[in-house]
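Student: I have a structure open and would like to go through it with you. Can we start with the whole chain and then pick out some details?

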Amino acid sequence: MGTRRYLFTKVMQAFFTLVFVVCFNFFLFRILPGDPARILARNKLQPAEAVAEMVRDFGLDQPLFPGQFVNYIGDTVRGNFGISYKFHRPVTEVIQQRFWRTVLLLGVSTLIFTVLGILIGIWGAWRRGSAFDIGSHTFSLIGYSMPEFWLGLLLLIMFAVIIPIFPVGGITTTSPEYTGLRAIYDVAGHMVLPTLTLVLAYIGQYAIVMRSSLLDVLGEDYVQTARAKGLRDVHVRRRHAVPNALLPTVTLIALNLGFLVGGAITVETVFSWQGLGLLEYEALRTPDYPLLQGLFILFSVAVIAANLIADLLYGYLDPRVRVA
């Protein structure tokens, strides 16, 4: 019953958080400067009657509450986020077109910096005070403190301008249009710099957390007991120390997966990577209310789902959490 109560509590917390986010989302972007009517009527010579008709079509002639708010809630429940002001297409269609590009970039980057960060943290903690530990810890602190956009600009200037090894930006080469393996190679070449930026920016976070957690575990009684029993260091590290030290890192992984979906806006903007991050930047410049609302809900759902997964995993890995 303790496990069921724990699961029910966490799921309900995630549900009510999502309800709050959906309601908050409606009012958040209404306070941005800019007149939607002027955005819709880009031609200044367009007749006032035509502008008024577009305003009615988008439901902007109704009061914010309850008119527009009620319509917004109903459309959101049905998965209809309206028509983008900028692209004049359904918001879901615009997001779907960019979604997998962000998944590709962030998926590869997350896999690399998670594995490398954990391994660096484990080896640094196990060899505490060694040259590797001092050097990796210093590198982690420097990388963790660098702003992503600044690091991306440095890499772009160095390896795309001064030493033109990689493309300046974009996802593919516009001309000529490649197919087959050549197309895969072309996309991979465009991914190198933005992926390297994300890896250098986040690998230090995982290394620092894993190192700190493992150092705490190494001082526990059960680790000292395992060593006193004569177990080899590799078995002590693999079977006793690392599994327990991974708990904070598992939480960090789950949380970062949610934040990274919308957190790559600066990297995608610097490298003109046409994913959700760049799409969010374009929507903010307009401002495109329906598109901003759709993106905000997507990012919020990702963060809430990641938090829920982290809570459930933590409760599974550490039974003490369920009875706390």
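Student: What share of the contacts in the protein chain with a separation of 6 or more comes from residues 24 or more positions apart?
Tutor: That share is 74%. Keep in mind that this is a predicted model.

Student: How many helices and how many strands does the protein chain have?
Tutor: There are 13 helices and zero strands. Read from the N terminus, the elements are α at each step.

Student: And how much of the chain is buried?
Tutor: Of its 324 residues, 39% count as buried. The accessible surface comes to about 18100 Å², and carbon and sulfur atoms hold 66% of that surface.

Student: Let's take one helix. What is the reach of helix 7 from its first C-alpha to its last?
Tutor: Helix 7 covers residues 148-162, which is 15 residues, and it reaches 20 Å. The expected value at 1.5 Å a residue is 21 Å, so the two are close.

Student: Where does helix 7 bend?
Tutor: The bend is at leucine 156 and comes to about 25°.

Student: Which residues of helix 7 are buried?
Tutor: Glu148, Leu151, Gly152, Leu155, Leu156 and Ala160 are buried there. As background, an α-helix has 3.6 residues a turn, so residues three or four places apart point the same way.

Student: What does threonine 197 touch, leaving out residues up to four places away in sequence?
Tutor: Threonine 197 touches Glu148, Leu151, Gly152, Leu155, Val267 and Phe271. Threonine 197 itself lies in helix 8, residues 181-218.

Student: Is threonine 197 buried or exposed?
Tutor: Threonine 197 is buried, because its relative accessible area is 0% and the cut-off for buried is under 20%.

Student: Now valine 270. Which helix is it in?
Tutor: Valine 270 is in helix 11, residues 265-270. With a relative accessible area of 18%, valine 270 is also buried.

Student: Which residues does valine 270 touch, with the same sequence neighbours left out?
Tutor: Valine 270 touches Phe149, Gly152, Leu153 and Leu156. For Phe149, the C-alpha atoms are 6.6 Å apart, although valine 270 and phenylalanine 149 are 121 residues apart along the chain.

Student: Switching topic: how many aromatic pairs are there in the whole structure?
Tutor: A search finds five. One of them is phenylalanine 113 with tyrosine 202, which is stacked, at 5.4 Å centre to centre and 25° between the planes.

Student: Why does that pair tie together parts that are 89 residues apart in sequence?
Tutor: Because phenylalanine 113 lies in helix 5, residues 91-126, while tyrosine 202 lies in helix 8. Both phenylalanine 113 and tyrosine 202 are buried.

Student: What about phenylalanine 113 and tyrosine 206?
Tutor: Phenylalanine 113 and tyrosine 206 form a tilted pair, with 5.5 Å centre to centre and 35° between the planes. Tyrosine 206 is in helix 8 and phenylalanine 113 in helix 5, so this pair ties together parts 93 residues apart in sequence.

Student: Is tyrosine 206 buried or exposed?
Tutor: Tyrosine 206 is buried, at a relative accessible area of 0%. Phenylalanine 113 has 1% relative accessibility, so it counts as buried.

Student: Which residues do the ring pairs link into a cluster?
Tutor: Phe113, Tyr202 and Tyr206 are linked into a cluster.

Student: Last one: where does the charged end of lysine 86 sit?
Tutor: It sits over the ring of phenylalanine 87, at 5.7 Å from the ring centre.

Methods: Residues numbered from 1 in each chain as written. Predicted model: local features only at pLDDT ≥ 70, side-chain atom pairs only at ≥ 80, totals over all residues. Heavy atoms only, no water. Helix = DSSP H or I, 4+ residues; strand = E, 2+ residues; numbered from the N terminus. Buried < 20%, exposed > 50% of the residue type's maximum accessible area, 1.4 Å probe, protein only. Contact = heavy atoms within 4.5 Å. Bend = angle between axes of the 7 residues up to and from the residue. Phe/Tyr/Trp six-rings, centres within 6.5 Å; stacked < 30°, edge-to-face > 60°. Lys NZ or Arg CZ within 6 Å of the ring centre and 35° of its normal. Areas by Shrake-Rupley, 256 points an atom, 1.4 Å probe, with all protein chains shown as cover.
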